[in-house]
Amino acid sequence: MDQRLFEFGAVEYHIKSSASDPQYVYLSISTPLLSQEVSLARGISQGTAQTIKGIHSDMVELIEPAAEGYQLTLRLDFYKIPQGKESSKIITEIASIQAAILSCQLKDMLTNVTSQDTSQGMYKPIKLVYHPREPFFVVRQPEKTTAVFPMRFQEKTDVIIATAFFQELMDVGSSEAWVKVPLCAWSPIPPPELRGEQMEDLSTNGGFISFDILPRHVKGKRLDKTVWNLLNFYAFVKYHVKCTRGFIQRRMRKRLDNLVKVLHVASSEEDGYAIDPQAAGCGCIKSIISVPKPNNTVRRRCRNFTRKIKRMRCPIKIQGFRRFRRRWLTVPKFSSPFKYTKLD
Amino acid sequence: MANSLRLYLTCIRNTLEAAMCLQNFPCQEVERHNKPEVELKTSPELLLKPILICRNEAEKCLIETSINSLRISLKVKQADELENILTKKFLRFLSMRAEAFQVLRRKPVQGYDISFLITNYHCEEMQKHKLIDFIVQFMEDIDKEISELKMSVNTRGRLVAAEFLKQFV
């Protein structure tokens, strides 16, 4: 078997296995790096190697050197993969190795600072591309690392909703209860750190949002969370905008029902009877004016009351009289003035 | 309710009570046709002078009357961009479902956010004072709904921002 799979962002997977050795499958991954400017040592970083070793080392083995044209080659032992839920967990971890390669690169940037970053006394911004057409910048300084996100949206409504969200993000981040979080700032114009970058990267309609990452935000277990939040910030904002639009739509539909009810009550009072909702012209009107159907309790009470009345009328009980009365003493029912029921 | 809003709505109500005296009038141009004259504006003798009631520069109401129809156009206040898009979205949403309201116009008059068209047939089917109550109540409800929508959007944004920043702690 020799298959090539492609994912968005120019990610390529190569799966290969041979008939003579069906136990092992070779998986090679090629992914564009976050930054082309940061030089990497030959092969993959230490962080990526450690991540791979953490995924069941008896099943997954790192092959060095990697296949030609790929950054990483793994040998998977299919016979050792367990059945059931455990297998899906392992497969998920293998599938997320591509994200691990990129996040390890960002982790290296957040934790290391080199002299190559300075350019004429200013710290040179590093352009990172996690998702195509959505680059962001990282500026490394001795005291902190600043991540700057140029925001672009397709519709004006999205821009305004996102801008309102960024204002709230700034307000929440600057409050006393949230002192420990990275400082967040939004501006409609490019920040000074990005001066000198290409115009196509700096032309936006949603402004620029920046986070100041301090050393305490990248210590220990927080490093993974910080890296994950930064890499998925664009997706987070777009999801929030989408959910807000859905919320506005639901609310408008609910309000429409209430407004329409008022008008139809006004028109029904004039007519004096209930209006057929179909004639009103809107399929979304659920209840205008309707008489409620009697429920079981009401029916039971009516039945008991009728029985009491009957008992009051016939206090003396004669055995077999009921059948006699039903057969000989009932009044014939007339269904219409022009039709008569036949008497037995 | 603020004093200026109450005066504004009272003025609109009184004007509508005077203007909503409609009667059936067949079209003078085409035989066997019956059209709302306020829309066509072909015969000036059938039209009354339009009345413009302004609360301030941003809020106003235009009432155009004719012998058999009445058109009310409203301009709703929009303080910032968020209110602007919420108002546009909501009123466009209502206009696209105009058949549910019967008296609502599908497209607002130019320069206004929403328009109503009331004909003599509507006055025959519905009570006049109830119609006026509906229009005035609609204006109050729109203002209230836009304000609540804006507050809800900001509250959602705040909660989402707090959840995002919580992950850094």
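Colleague: Which residues have the most contacts inside the largest nonpolar core?

Modeller: This is a predicted model: local features need pLDDT of at least 70, side-chain atom pairs count only at pLDDT 80 or more, and totals for chains, interfaces and linings use all residues. Side-chain values use heavy atoms, leaving out hydrogens and water; residues are numbered from 1 along each chain as its sequence is written, chains lettered from A and ligands numbered from 1 in the order written. A nonpolar core joins buried (under 20% relative accessible area, 1.4 Å probe, protein chains only; exposed is over 50%, partly exposed in between) Ala, Val, Leu, Ile, Met, Phe, Trp, Tyr and Cys residues through side-chain atoms within 4.5 Å. The largest has 90 residues, and those with the most contacts inside it are L94(B) and F101(B).

Colleague: Which helix gives the most to this core?

Modeller: Helices (H or I, at least four residues) and strands (E, at least two) are DSSP runs, numbered from the N terminus. With 15 residues, the top contributor is chain B's helix 6 (residues 128-166).

Colleague: What does the salt bridge between E145(B) and R255(A) join?

Modeller: A salt bridge puts a side-chain nitrogen of Lys or Arg within 4 Å of a carboxyl oxygen of Asp or Glu. Here N to O is 2.9 Å. E145(B) sits in helix 6 of chain B and R255(A) in helix 7 (residues 233-271) of chain A, so the pair joins two chains.

Colleague: Is R255(A) buried or exposed?

Modeller: Its partner E145(B) is buried, at 2% relative accessibility. R255(A) has a relative accessible area of 15%, so R255(A) is buried.
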